[in-house]
Amino acid sequence: MLNHNVFQKLAIILMGMLNRPSGRIGLLLVGVHILLAILSPLIVPFDFAVMDFNLVMTAPSGTHWFGADALGRDVLTRTMLGGRQALLVTCFSAIIAVFWGGLSGLFLGLVGGRIDDILMRIVDAFMSIPWILFLLLIVAVVGTGPMVLIPTFGFFYGIPVIRIARAATHDVVARDFITAARARGEKRLTILQKELFPNILDVLLVEGAMRWSWMLLAFSSLSFLGFGVTPPTPDWGLMISDSRSIMSIAPWTALAPVVALSSLIIGLNLCADSLAKALGVDRAQKVPV
Amino acid sequence: MVKMIYQRIFLGLLTLVLVSVIVFGVIETLPGDPCTAYLGRMAQGTRLENCRQEFGLDRPALTRYVDWATNILKGDFGISLKRKKPVFDVILPRLRNTALLGLSATMLGVPIAIFLGVISGLWRDRKLDLWVSTGAIFAMTVPEFVTATLMILFFSVWLDWLPGIVTTRPDAPIMEFLSGIILPVISLSLVMAAHILRMVRTTVIEVMTSDFIQMACLKGVPYWRMVFYHVLPSALLPTINLVAMTIAWLLGGVVVIEVVFNYPGLGRLMVNAVSDRDLTMVQSIALILAGIYVALNLFADLLVLVANPRLRTMRT
C-alpha cells in the first residue's frame with residue numbers, strides 16, 4: 001500500500017516537472033549526464049590515463065574529437081569520465097545532508113524551548129563561516145577520496161537544511177489540519193507520520209535538489225583548487241584548472257569540461273526549479289548558504 | 001526598538017564567540033599542530049617537544065583557547081610560524097585587497113541587479129523578462145571559475161584587452177590594482193547580481209499582485225508614480241537582507257576567483273595557508289571572514305529595522 005502511494009506520488013511529481021519546458025530540459029540534461037556517468041567506462045574511445053607524447057596539445061581532429069591535453073591525453077575520454085566522481089560524491093552527500101538536516105530540523109521545530117534556542121545559535125555560527133574553509137581544511141589534513149568527501153559534504157551542507165526544515169515544521173504545526181488531527185485524538189506518532197512529515201517532505205525534496213547543485217559547484221571548485229580528486233582520475237574542475245596555463249595554445253582543453261560541467265549544473269538547477277514549482281514550494285527567495 | 005537593537009547586537013557577538021569555539025575545535029580535532037607543520041619532516045623527538053614548549057602548545061586545549069581568544073580581543077592574532085611574521089601583518093594588506101574587490105563588485109552588481117530585477121518583475125513574462133531571467137540562471141549556476149576562465153580566454157587571450165592575472169604585490173598601493181581588478185570584479189558581480197535579481201523580481205511580482213497596489217490602481221494612481229512610491233519601497237526592503245547574505249556568501253566564492261586571477265587577497269591567502277598547514281593563519285582568517293559575515297547581517301537587520309515602519313513602531 002505504502003509503496004503504491006510512493007510511486008504514485010513520484011509519477012505525479014514527474015508529470016508536473018515534465019509539464020514545464022524548464023523541467024523537460026533539466027531532466028534531459030541530468031538524465032544524459034547520469035547515463036553517461038554509468039556507461040562511460042564502457043564506451044570511451046581511449047584510455048583516460050595513457051599519455052601519448054606525439055599528441056601533446058593537438059587540435060581537435062577526426063580521431064580525437066576534442067583534441068588532446070598538455071600530457072597528450074584524449075580530452076573527449078577525460079570529459080566523459082570527468083563527471084563520475086563528482087556525481088557519485090554529491091549525490092550521496094545530498095541524500096545524507098537532507099536526511100540528517102531534515103530530521104534535526106524537524107526535531108528542533110517540534111521540541112522548541114531552550115534546546116532549540118541553543119542549537120540554533122550553533123547552527124547560525126556554523127553558517128557564518130565560509131563553506132569552503134572547512135572543506136579545504138579537512139581535505140588538506142585528512143586527504144581526498146569519496147570516503148572523506150561524502151561525510152564532510154553531507155555534514156556541512158546539512159546544517160542549512162536544519163534551518164529550512166525547522167521553519168517548515170513551524171509553518172505546518174500551526175495549520176488547522178494539525179489541530180484537527182489533535183482534536184480527533186490521533187496519536188502523536190500518527191500525526192507526525194501522516195500529517196506533518198508528508199508536508200515537510202516536499203520542502204526537503206526541493207532542498208535536496210538545490211543542495212545537490214550547490215554541492216556540485218563546491219566539489220568542482222574544490223577540485224579546481226586542487227583539493228578534490230587525486231590527479232590521474234579525470235575530473236572537470238581539475239581539467240579546467242590544468243588547461244589554464246596552456247589556454248592561449250590549446251583552448252579546447254578548457255572548452256569541453258566547461259561545457260560538460262555547466263550543462264550538468266544548469267540541468268540540476270532547472271530540475272530543482274521545476275520541482276519546486278511542481279510541488280508549490282517557493283524557491284526564488286533562497287540564497288545558497 | 002532600542003531593546004531589539006541591543007538584542008540583535010548581543011546575538012551577533014554570541015555567534016562570533018561560538019564561531020571561535022567551532023574553528024578552534026575543528027582545528028584541534030584534526031591531526032597536526034603548528035609545530036608539526038613548521039618543523040615538517042623533522043617533527044619528532046625533542047625538537048618537536050621543545051617547539052611545543054616554546055609556543056605553549058603542550059598546555060591543555062582550554063587554556064590555549066582562552067589565551068588565543070583574549071589575545072584576539074587585544075588585537076593580537078598571534079604569530080605565523082610558517083611565515084615567521086605576525087599573522088595580522090600578513091592579513092591586513094590582503095584584507096584591504098579583498099575588500100576592494102568585494103566593494104567594487106557590490107557597487108557594480110547591486111544597482112544593475114535591482115534595476116533589471118524591477119524591470120523584469122514589472123514586465124513579467126515579456127520578452128525582456130525571459131532573456132533576463134534565463135541569463136540570470138546561467139550566471140547563477142555556472143561556477144565562478146568557469147565564467148572567470150572563459151572571460152580570461154575571451155578578453156585576455158583572444159582579444160588581449162585586459163590582463164588575465166594580477167601580478168601586483170599584495171601591499172602595493174590601490175591604484176596599481178585598477179587594471180587587473182576589472183575581470184575579477186565582473187565575474188564576481190555576475191553571480192551576485194543574478195541572485196539578487198531573481199529575488200527582486202519575485203518580490204516585485206508579489207507586491208504587484210497585492211491588495212494595496214490593486215487599490216492604488218483602482219484609485220487611478222499614475223503607473224510610474226505607483227511603482228516608485230508604492231511598489232519599490234515594499235519590494236526593496238527584503239532585498240537589504242538578501243544583499244548582505246549574498247555578499248557574505250561571496251566571501252566563499254571570492255576564494256576561487258582570487259585563485260583564478262592570482263589576486264593577492266584574503267581568499268588566496270586562505271588556500272595557501274591551508275595547503276601549508278599554517279593553522280594560526282587559518283584560524284584568524286576564518287574568524288575575520290565570519291566577523292564580516294556577522295557584521296554585514298547585523299547591519300542589514302538594523303537597516304531593515306530602521307527602514308520598516310512596522311518593525312520600528314513595534315513594542316516589545
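The questions and answers below concern a predicted model of chains A and B.

Reader: How many helices and strands does the secondary structure of chain A come to?

Author: From the N terminus on, the elements of chain A run α-α-α-α-α-α-α-α-α-α-α. The secondary structure of chain A therefore holds helices and no strands, since every element in that run is an α. The totals are zero strands and eleven helices.

Reader: Is L261(A) buried or exposed?

Author: L261(A) lies in helix α11 (residues 252–279) of chain A. A residue is buried if 20 or more other C-beta atoms lie within 10 Å of its own. L261(A) has 28 C-beta neighbours inside 10 Å, and therefore counts as buried.

Reader: Which residues does L261(A) touch, not counting residues up to four places away in sequence?

Author: V148(A) stands 113 residues from L261(A) along the chain, and their C-alpha atoms are separated by 22 Å. The residues that L261(A) touches belong to chain A and to chain B. They are S220(A), W236(A), P143(B) and V146(B).

Reader: How are α4(A) and α9(A) oriented to each other?

Author: Helix α4 (residues 84–111) of chain A packs with helix α9 (residues 188–224) of chain A at an angle of about 140°, and their axes are 8 Å apart. Angles over 145 degrees would count as roughly antiparallel, and 65 to 115 as roughly perpendicular. The angle of about 140° fits neither range, so α4(A) and α9(A) are oblique.

Reader: How do the residues of the contact of α4(A) with α9(A) divide into nonpolar, polar and charged?

Author: The crossing of these two helices, α4(A) and α9(A), is right-handed. Among the residues that meet are A86(A), V89(A) and L106(A) in α4(A), and I200(A), R211(A) and F219(A) in α9(A). The residues of this contact divide into 13 nonpolar, five polar and two charged.

Reader: Which element gives the largest share of the side of chain B that touches chain A?

Author: In the contact between the chains, 46 residues of chain B meet 39 residues of chain A. The elements giving two or more residues to this side of chain B include α1 (2–29), α8 (182–208) and α10 (223–260). The residues of this side divide into 35 nonpolar, nine polar and two charged. The largest share, nine residues, comes from α10(B).

Reader: How far apart are the end C-alpha atoms of helix α4 (residues 61–73) of chain B?

Author: α4(B) is hardly covered, with zero buried residues among its 13. At 1.5 Å a residue, these 13 residues should span 18 Å. The end C-alpha atoms agree with that expectation, because they are apart by 18 Å.

Note on methods: Residues are numbered from 1 along each chain as its sequence is written. Chains are lettered from A and ligands numbered from 1 in the order in which they are written. This is a predicted model: local features need pLDDT of at least 70, side-chain atom pairs count only at pLDDT 80 or more; totals for chains, interfaces and linings use all residues. Helices (H or I, at least four residues) and strands (E, at least two) are DSSP runs, numbered from the N terminus. The expected span of a helix is 1.5 Å times one less than its number of residues. A residue is buried if 20 or more other C-beta atoms lie within 10 Å of its own, exposed if 12 or fewer, and partly exposed in between; C-beta atoms are placed from the backbone. Two residues are in contact if their C-beta atoms, placed from the backbone, lie within 7 Å. Ala, Val, Leu, Ile, Met, Phe, Trp, Tyr, Cys and Pro count as nonpolar, Asp, Glu, Lys and Arg as charged, and the others, Gly among them, as polar. Axes are lines fitted to C-alpha atoms, for helices over the stretch in contact, and angles run from 0 to 180 degrees between N-to-C directions. Angles under 35 degrees count as roughly parallel, over 145 as roughly antiparallel, 65 to 115 as roughly perpendicular and the rest as oblique. A crossing is left-handed if the near helix is turned anticlockwise from the far one by less than a right angle, and right-handed if clockwise.
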